[in-house]
Amino acid sequence: MAEYRITGLSSIVIAELVAEVGPLWHEQHQARPRRRAVGAGAKHRFVFVDRLLATLVSLRHGTTHDVLVCWFGVDRSTITRAIGEVRPLLAQRGCTVAPDVRLRSLAEVVE
């Protein structure tokens, strides 16, 4: 999934994004008020790296959430929430895309 043709980014750039944006996502995730006790509820199968990759593929190809659901094997609401969480973090880093613009390469945004 992290192949250049799919994300538009090299594995080195993706690793840098994980190192830079991952802690921000984790901090944001931990700051949310808990609805259940620690350990209760569903176990997370969709880790941050998967969330980032789903967001990058969505930005690169304009892929529907239903396609991402099939690729990642999670519920549609999980994909929607993941993109909603990761995209603003990428924007804080300076990676923004207007909603009506389709990129040829994410490298145009990330570099």
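These are my notebook entries on one helix, two aromatic pairs and one helix packing in this structure.

**Entry 1: helix H3**

I kept in mind that I was looking at a predicted model. I started with helix H3, residues 48-61, and checked its length. At 1.5 Å a residue, its 14 residues should span 20 Å, and the end C-alpha atoms are indeed 20 Å apart, so the two agree.

Next I asked how many residues of H3 are buried. I got 11 of the 14, so I noted H3 as mostly covered, taking buried to mean under 20% relative accessible area. Among them are Phe 48, Arg 51, Leu 52, Leu 53, Val 57 and Arg 60. I wrote down that two arginines, Arg 51 and Arg 60, are on that list.

What do the buried residues of H3 pack against? I found helix H1 (4-7), helix H2 (11-31), helix H4 (65-72) and helix H5 (76-92). Just after H3 comes Gly 62, and I noted its positive phi, near 65 degrees.

**Entry 2: aromatic pairs**

I looked for paired rings and found two aromatic pairs. In one of them, Trp 25 and Phe 48 have ring centres 5.6 Å apart and planes at 35 degrees. I called this pair tilted because planes have to be under 30 degrees apart to count as stacked and over 60 to count as edge-to-face. Trp 25 sits in helix H2 and Phe 48 in helix H3, so the pair ties together parts 23 residues apart in sequence.

Are these two residues buried or exposed? Trp 25 has 10% relative accessibility and counts as buried. Phe 48 is buried too, at 9%.

The other pair is Phe 46 with Phe 72, and I logged it as edge-to-face, with 5.4 Å from centre to centre and 80 degrees between the planes. Phe 46 is in the loop between H2 and H3, while Phe 72 is in helix H4, so I have a link between distant parts of the chain, 26 residues apart. Both of these phenylalanines are buried.

**Entry 3: H4 against H5**

Last, I looked at how H4 meets H5. They pack at an angle of about 105 degrees, and their axes are 9 Å apart. I put H4 down as roughly perpendicular to H5, because angles of 65 to 115 degrees count that way.

Which residues make the contact? From H4 I listed His 65, Asp 66, Leu 68, Val 69 and Phe 72. From H5 I listed Arg 76, Ile 79, Thr 80 and Ile 83. Sorted by class, the contact has five nonpolar, two polar and two charged residues. Phe 72, from my pair with Phe 46, turns up here again.

Note on methods:
Residues numbered from 1 in each chain as written. Predicted model: local features only at pLDDT ≥ 70, side-chain atom pairs only at ≥ 80, totals over all residues. Heavy atoms only, no water. Helix = DSSP H or I, 4+ residues; strand = E, 2+ residues; numbered from the N terminus. Expected span 1.5 Å × (residues − 1). Buried < 20%, exposed > 50% of the residue type's maximum accessible area, 1.4 Å probe, protein only. Contact = heavy atoms within 4.5 Å. Phe/Tyr/Trp six-rings, centres within 6.5 Å; stacked < 30°, edge-to-face > 60°. Axes fitted to C-alpha atoms, helices over the stretch in contact; angles between N-to-C directions. Parallel < 35°, antiparallel > 145°, perpendicular 65-115°, else oblique. Nonpolar A, V, L, I, M, F, W, Y, C, P; charged D, E, K, R; others polar.
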